[in-house]
Amino acid sequence: MRGVGLGLHNLSKHFGRVVALRELTLGIRAGELVSFLGPSGCGKTTTLLLIAGIYRPTTGEIHFDDRRMDALHPRDRDVGMVFQSYALYPHLTLYENVAFPLRLKRMGREDLDRRVRQVAEMLGIGQILERHPGQVSGGQQQRAALARALVKEPKVLLLDEPLSNLDAQIRLQARAEIRRLQQGLGVTSVMVTHDQAEALAMSDRVAVFSMGEVQQFASPEELYHRPANTFVAEFVGYPSMNLIGGEFVDGRFHGDGVEIEAPGCGYAGKGWLGIRPEHVRIGDEVPGRALVVESQGREALLTVEVSASLMFKALLPVEAAPRAGEKVGLDWEGHRLHFFDRSGVRLPGYGGGRS
Ligand code: ATP
């Protein structure tokens with residue numbers, strides 16, 4: 001199985017007056033796993049359904065390699081899909097569920113049997129094919145849904161929140177399994193998720209959506225170290241990046257309770273300073289008081305009151321954490337800072353050690 005390059009050109013989808021997707025242009029490389037990440041209602045699933053052919057675009061084109069797909073029926077697109085609900089047929093055995101797409105294609109009995117057993121073995125459900133979905137675990141149902149999507153050897157695999165019905169332990173395992181399988185097969189894949197940890201862990205690249213538009217399309221490292229704007233900065237990374245409003249004047253940033261050098265950003269006016277909680281240390285740059293100290297095992301998450309209107313989050317080793325109510329000073333390494341202009345767009349300068 002070899003994937004195709006997937007091109008989305010100027011793609012829009014309107015539902016009456018609702019603009020679900022606005023002029024999206026995105027190129028996905030053959031064999032890549034790309035996640036669509038964003039809050040509820042931002043257009044992720046709409047885009048996936050456009051690629052699948054379940055929706056027709058209002059404007060724009062979809063290409064698999066050089067072939068234009070947007071006018072084709074879903075059946076003719078060579079796409080496999082796994083939904084959140086798995087949507088297995090409860091009255092059919094796992095075998096018949098997996099075989100279903102091949103029966104639609106009227107594949108001969110022997111070929112069909114060989115293909116079903118091959119993909120079932122690959123996914124570790126070869127021994128339970130005679131059971132019905134109600135007689136197997138959630139993880140096994142999820143694998144059966146994946147087997148059904150892969151049995152046709154699709155050019156593109158579409159995954160819509162495929163792990164959200166699994167409990168935490170199995171979810172971690174299923175993440176790794178899907179990724180290993182996807183890489184092994186080299187099938188171009190798009191996964192919709194609102195779980196940033198899942199997106200970052202599994203994907204070659206992530207498209208971060210907000211309100212029908214892609215805010216940034218980049219590798220997990222790039223999103224974390226060089227977020228393109230304050231939306232991505234806050235959405236990617238947990239706990240969220242601290243963002244402090246203020247003003248850039250003559251190479252310095254003046255914020256509420258924070259005054260620091262801001263060399264190299266070449267910008268004057270209102271803007272934002274960003275620092276991730278895990279990059280905050282104990283020091284003397286910003287004095288404050290620990291309001292809340294939440295132990296997370298190895299680390300403690302502090303909420304520090306810097307001024308009446310500024311709360312700061314800091315993630316510190318438990319042994320370095322103050323007690324709630326104590327005075328505490330905060331500090332950071334300069335290259336960990338991020339700067340954004342008044343509209344939230346990233347400014348050059350510091351950030352992730354690179355600029
Ligand atoms: P979620 O994570 O909640 O599934 P999403 O990012 O996948 O969200 P979409 O399902 O793509 O979001 O929806 C984008 C917007 O389009 C929303 O405002 C939604 O209400 C609207 N929308 C989606 N499908 C339809 C439809 N069939 N008819 C009308 N409006 C729709």
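**A walk from the sheet to the aromatic rings**

Helix H4, spanning residues 138-150, lies across S6 and strand S7 (156-160), and the helix runs at about 170° to S6. Keep in mind as you rotate the view that this is a predicted model.

From that helix, let us move to the sheet itself. S6 and S7 belong to an open sheet of 6 strands, arranged in the order S6-S7-S8-S3-S9-S10, with mixed pairing. Strand S6 (79-82) sits at one edge and strand S10 (213-218) at the other, each pairing on one side only. If you look at how the strands are turned against one another, neighbours in this sheet differ by 15° on average, with direction ignored.

Now follow the order inward to S8 and S3, which are neighbours in the sheet. Strand S3 covers residues 33-37 and strand S8 covers residues 188-193; the two run parallel and are joined by 5 bridges. For a handy landmark here, find Ser 35, which stands opposite Met 191 in S8.

Next, a stop at a helix residue. Thr 46 is part of helix H1, which takes in residues 44-52. Is Thr 46 buried or exposed? Its relative accessible area is 11%, and because buried means under 20%, Thr 46 counts as buried. Which residues does Thr 46 touch, once those up to four places away in sequence are set aside? They are Lys 13, Phe 15, Ala 20 and Tyr 55.

The aromatic side chains make a good last part of the tour. The structure holds 8 aromatic pairs. One of them joins Phe 231 and Phe 235: the ring centres are 5.6 Å apart and the planes meet at 10°, so this pair is stacked. The cut-off behind that label is an angle under 30 degrees between the planes. Both residues lie in helix H8 (residues 230-235), 4 residues apart, which is about one turn of the helix. As for their surroundings, Phe 231 is partly exposed, at 26% relative accessible area, and Phe 235 is also partly exposed, at 22%.

Elsewhere, you can pick out four rings that belong together: Phe 248, Phe 253, Tyr 267 and Phe 339 form one aromatic cluster. Finally, turn to Tyr 224 and look at what lies over the face of its ring. There you will find Arg 276, at 4.3 Å from the ring centre.

Methods: Residues are numbered from 1 along each chain as its sequence is written. This is a predicted model: local features need pLDDT of at least 70, side-chain atom pairs count only at pLDDT 80 or more; totals for chains, interfaces and linings use all residues. Side-chain values use heavy atoms; hydrogens and water are left out. Two strands pair if DSSP finds at least two bridges between them. Axes are lines fitted to C-alpha atoms, for helices over the stretch in contact, and angles run from 0 to 180 degrees between N-to-C directions. Contact means heavy atoms within 4.5 Å. Rings of Phe, Tyr and Trp (its six-membered ring) pair if their centres lie within 6.5 Å; planes under 30 degrees apart count as stacked, over 60 as edge-to-face and the rest as tilted. Buried means under 20% relative accessible area, exposed over 50%, partly exposed in between (1.4 Å probe, protein chains only). A charge sits over a ring if NZ of Lys or CZ of Arg is within 6 Å of the ring centre and within 35 degrees of the ring normal.
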